[in-house]
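Student: Please choose one buried part of this structure and look at it closely with me, and then show me how it sits within the whole chain.

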Amino acid sequence: SFAFPNSRCSVMPPSALLLPELTGRSLMEDTQMLSARCDRSSKSTDHEAFAPMSSRQFSTYTSRRPDAKALLPPILSGSLPAATVRRPLHSDHDLCLLLPPPVDRLWLFLPRNHRPDPEIVLQIAQRRNLSVGDAMCAALVDRYEHRSIVEYFRQKYGESQNWSEWDASEWCRARRGRSIDASVLFCVVYSCPQIQNADNVALASCGIRHLSLLQIWKRITVLDLSDNPQLIDISPLGQRDSVLQHLDVSACGKMWDLSCLSICPRLQSVRASHCHSLRGGDKIPAGPALECLDVSFSACADLSALTAAINLRELTVKGNLELLGIDTLASLHHLRLLNFSGCTSLQSAMALWQKPSLTWVDFSNCKSIDPVSVWHVATRIWAAHGEVVFPSKAALLDACAAKKVTASITKKVLAVARGSAQKKLKLAIAGTDIEEIRDAETVARSFGTPLVE
């Protein structure tokens, strides 16, 4: 057997597991020889054991000799518990052991293409008489930038351990647009460890690309990542033990998948407007605690993932030119505010007909929607003293014609919708049918701004 460098795990070399066809010995002779080696290894003073042969070697070995598995010793046939078999560590974790804590943990959180060689870091520390952490910072950024980072954040936030907010965008503006990449973020976290206590972190317009280091923040409840056009992957934020409650990833044009956020148990609001690469209903976050979602100006043709967002109350899908239907929303019973303004491909609103919880819906500039379906939804919402914004004046006239609202009432409704007082409408239609009065008042109430002729 031989041993890996810096390891106490001895492993049988592949040449020791040659097949009988290649060694010229019988199966029984090979089995006795391997058993004797295992016995000698178990009696050694350091209690080292051979590692089992690979699954590929074992399958080849047993396929050539059907009785091989019954004759092999337990350590080779894989019958021993997994805990008794020593396996080599992963290469990254093996290199990580060369560094002292907490540098080893921070090194693992760095993206692979940002990790300096630990041996080079140790050489820098020995040559410059630095700590390993300072040597790591020196390997990532130059000494002048490291000094400026430390001075700025220590002067800005001091040595207090009770940090609640951290805004990195101010530093980027002070450095004339310098981005917060993984190297700079490592230096900030190592030099100012109290920053990990912040629960409100703002990294807006910082040019950040990698979020792996954000996993060290265990108290973040509010996170602002807006206006980072190079940010693509936010999977490090999807943790089952996360305490994140509010997230803003607006104007991250390359962001294409937010489904990893569905496992965050406390996430209440997500703002992802102007994420033009967000396509497909299954890429939308839909956690059980989600209450407010904004996916305006995205390209999602459906909202299929929202069936899991059982507590969703506010949904904004403005400017989505690909959205065809909203039938998925029929299973959500806590919706209150909906904004579909500018969804030009939306065709029907009947999925919202039996939603007594709705109080405000905006269908403005929905050119393809059926006005009669909007009318059905509006009558339900008006009964609860809510408001509905019709797609256009023409859509309102079509709905009035389809529901056989009289011409005089329609004219008065339009007059009120253009800004006339509610009192004038009541005086003008005094003594007419009570149903017509109710229809006129509720339709007039549905317009928040005057109509333009």
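Tutor: A residue is called buried when its relative accessible area is under 20%, exposed when that value is over 50%, and partly exposed when it falls in between. The model in front of you is a predicted one, and by this definition 45% of the 453 residues in the protein chain are buried. The chain holds 17 helices and 12 strands, and its accessible surface comes to about 23100 Å², with 52% of that belonging to carbon and sulfur atoms.

The part I would choose is the surroundings of Asn 228, a residue in the loop between β5 and β6 (246-248). Asn 228 has a relative accessibility of 0%, and therefore counts as buried.

Let us follow the polar atoms of its side chain. One partner is the backbone oxygen of Leu 225, which lies 2.8 Å from a polar atom of the Asn 228 side chain. The side chain of Asn 228 also reaches the backbone oxygen of Leu 203, at 3.0 Å, and the backbone nitrogen of Gly 207, at 2.8 Å. These pairs can be read as polar contacts, because that term covers N or O atoms within 3.5 Å where one can donate a hydrogen and the other can accept it.

If we widen the view to every contact of Asn 228, leaving aside neighbours within four places in sequence, we find Leu 203, Ala 204, Ser 205, Cys 206, Gly 207 and Ile 208, together with Ala 251 and Cys 252. A further pairing to find on the model is Asn 228 with Gly 253: they are 25 residues apart in sequence, while their C-alpha atoms are 7.9 Å apart in space. For the chain as a whole, residues 24 or more positions apart account for 41% of the contacts with a separation of 6 or more.

Ser 226 is found in the loop between β5 and β6 as well, and since its relative accessibility is 13%, Ser 226 counts as buried. Setting aside residues up to four places away in sequence, Ser 226 touches Leu 203, Ala 204 and Ser 205, and also Asp 248, Val 249 and Ser 250.

Ser 205, which is among the contacts of Asn 228 and of Ser 226, deserves a careful look of its own. Ser 205 belongs to the loop between β4 (200-202) and β5 (222-224), and with a relative accessible area of 42% it is partly exposed. Its phi is near 55°, a positive value in a residue other than glycine. Most residues other than glycine have a negative phi, and most peptide bonds are trans. Elsewhere in the chain, Phe 297 has a positive phi near 60°, and Phe 297 is found in the loop between β8 (292-294) and β9 (314-316). The peptide bond from Pro 101 to Pro 102 is cis, with omega near 0°, and Pro 102 is placed in the loop between α6 (91-96) and α7 (103-109).

To set this part within the whole, turn now to the nonpolar residues. In soluble globular proteins, nonpolar side chains tend to be buried together. Here the largest nonpolar core has 102 residues, and those touching the most other members are Trp 166, Trp 217, Leu 306, Leu 329, Phe 340 and Phe 363. Several helices supply at least two residues each to this core, among them α7, α8, α13 (371-383) and α14 (393-402), while α12 gives the most, with seven residues. Leu 306 is in contact with residues including Ile 284, Leu 293, Leu 315 and Leu 329, beyond its neighbours within four places in sequence.

On the surface, by contrast, Leu 95, Leu 98 and Leu 122 form a nonpolar patch with about 200 Å² of accessible area together. Leu 122 lies in helix α8 (residues 118-128), and because its relative accessibility is 32%, Leu 122 counts as partly exposed.

How values were computed:
Residues are numbered from 1 along each chain as its sequence is written. This is a predicted model: local features need pLDDT of at least 70, side-chain atom pairs count only at pLDDT 80 or more; totals for chains, interfaces and linings use all residues. Side-chain values use heavy atoms; hydrogens and water are left out. Helices (H or I, at least four residues) and strands (E, at least two) are DSSP runs, numbered from the N terminus. Buried means under 20% relative accessible area, exposed over 50%, partly exposed in between (1.4 Å probe, protein chains only). Patches are made of residues with over 30% relative accessible area and no salt bridge: like charges are joined within 9 Å, nonpolar side chains (Val, Leu, Ile, Met, Phe, Trp, Tyr) within 5 Å. Accessible areas come from the Shrake-Rupley method with a 1.4 Å probe; for residues, only the protein chains shown count as cover. A salt bridge is a side-chain nitrogen of Lys or Arg within 4 Å of a carboxyl oxygen of Asp or Glu. Contact means heavy atoms within 4.5 Å. A nonpolar core is a set of buried Ala, Val, Leu, Ile, Met, Phe, Trp, Tyr and Cys residues joined through side-chain atoms within 4.5 Å.
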